[in-house]
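Here's a walk through one protein model, written for someone who'd rather look at residues than scores. Have the viewer open and follow along.

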Amino acid sequence: MRRALIAFVALLALALLYAGYAFLSLRQLEAGVKAGNAEAISDHVDFPAVRTSIKEQLATIVMTRALDEADKNRSPGARLGAGLLAAIGPALIDTAVDRFVSPAAIGALLSRRAPAAAGGGEGGEQKELDLRRFAHRFELVSPTRFRITHKDGVAIVFALSDWTWKVADIRIPPDILKKAMRPDAGERL
């Protein structure tokens, strides 16, 4: 009986340590974003994984839109345009994502403010970052992954990598990506 109690207490302590470490990592990322500290943000974001995820999401939206337009028009020009987009679109997306998915841009997304305002310039009003307010739902995906989902559907996935919790994926709903890709999107975002 005593061994079972000791085992239970040890498991409970490990579970609390595990959850506490995830919470601590969240707070460190939050503090880095609030301070505008790119190095602190970099310590808690797996940029290659986030870039890959965003590239895949954007490529899907662009290709779907191009194919839909080609099917609507059924003209040779529209089909040629869709073919050209299929050929050069991924390279353009890769370049754009590699350039814009940076510590400053991720910090702006996490803090729910426009990237231009992330530096705290005159025109930009900074919002206070509070991941508890951002989170509509916390979800344990696996023992080494958890997800925070905003009420608009944006999900931030954290993964345990090299004994550190890092942002490994940002899932943006297709309707939000489509709005962001419109020519007048900068005025509304």
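Which residue takes a positive phi in the hairpin of β3 and β4? That's Asp-162, with a phi near 55°, in a hairpin that has 2 residues between the strands. Just beside the turn, Ser-161 stands opposite Thr-164 in β4. Strand β3 covers residues 155-161 and runs antiparallel to β4, with 7 bridges joining the two (strands pair if DSSP finds at least two bridges between them).

Before going further, a word on where this comes from. This is a predicted model, in which local features need pLDDT of at least 70, side-chain atom pairs count only at pLDDT 80 or more, and totals for chains, interfaces and linings use all residues. Residues are numbered from 1 along each chain as its sequence is written, and side-chain values use heavy atoms, leaving out hydrogens and water.

**How far to trust it**

The protein averages a pLDDT of 76 (the predictor's confidence in each residue, from 0 to 100), and 77% of the residues score at least 70. Confidence is highest in strand β4 (residues 164-171), at a mean of 88, and lowest in helix α8 (residues 185-188), at 49. Over residues 113-126 pLDDT stays under 50, and the model has 16 contacts there beyond four places in sequence (contact means heavy atoms within 4.5 Å).

**The overall layout**

There are 8 helices and 4 strands, taken as DSSP runs numbered from the N terminus (helices are H or I, at least four residues; strands are E, at least two). Along the sequence they read α-α-α-α-α-α-β-β-β-β-α-α. Of the 189 residues, 32% count as buried (under 20% relative accessible area; exposed is over 50%, partly exposed in between, with a 1.4 Å probe and protein chains only). Among contacts with a separation of 6 or more, 49% come from residues 24 or more positions apart.

**Salt bridges**

A search of the whole structure turns up 3 salt bridges (a side-chain nitrogen of Lys or Arg within 4 Å of a carboxyl oxygen of Asp or Glu). Here they are:

| Acid | Base | Closest N and O atoms |
|---|---|---|
| Asp-98 | Lys-55 | 2.9 Å |
| Glu-139 | Arg-147 | 3.1 Å |
| Asp-169 | Arg-171 | 3.8 Å |

In the Asp-98 and Lys-55 pair, Asp-98 sits in helix α4 (residues 76-100) and Lys-55 in helix α3 (residues 47-73), so the bridge ties together parts 43 residues apart in sequence. Asp-98 is partly exposed, at 39% relative accessibility. Glu-139 is partly exposed too, at 29%, as is Arg-147, at 25%. Asp-169, on the other hand, is buried, at 13%.

Its partner Arg-171 brings us back to strand β4. Arg-171 is partly exposed, at 35%, and its C-alpha atom is 6.4 Å from that of Ile-156, 15 residues apart along the chain. Leaving aside neighbours within four places in sequence, Arg-171 is in contact with Ser-53, Gln-57, Gly-153, Val-154 and Ala-155.

**The surface**

About 12,000 Å² of the protein is exposed, and carbon and sulfur atoms supply 61% of it (areas come from the Shrake-Rupley method with a 1.4 Å probe; for residues, only the protein chains shown count as cover). Leu-5, Phe-8, Val-9, Leu-12 and Leu-16 make up a nonpolar surface patch with about 520 Å² of accessible area together. Patches are made of residues with over 30% relative accessible area and no salt bridge; like charges are joined within 9 Å, and nonpolar side chains (Val, Leu, Ile, Met, Phe, Trp, Tyr) within 5 Å. Val-9 lies in helix α1 (residues 2-35) and is partly exposed, at 48%.
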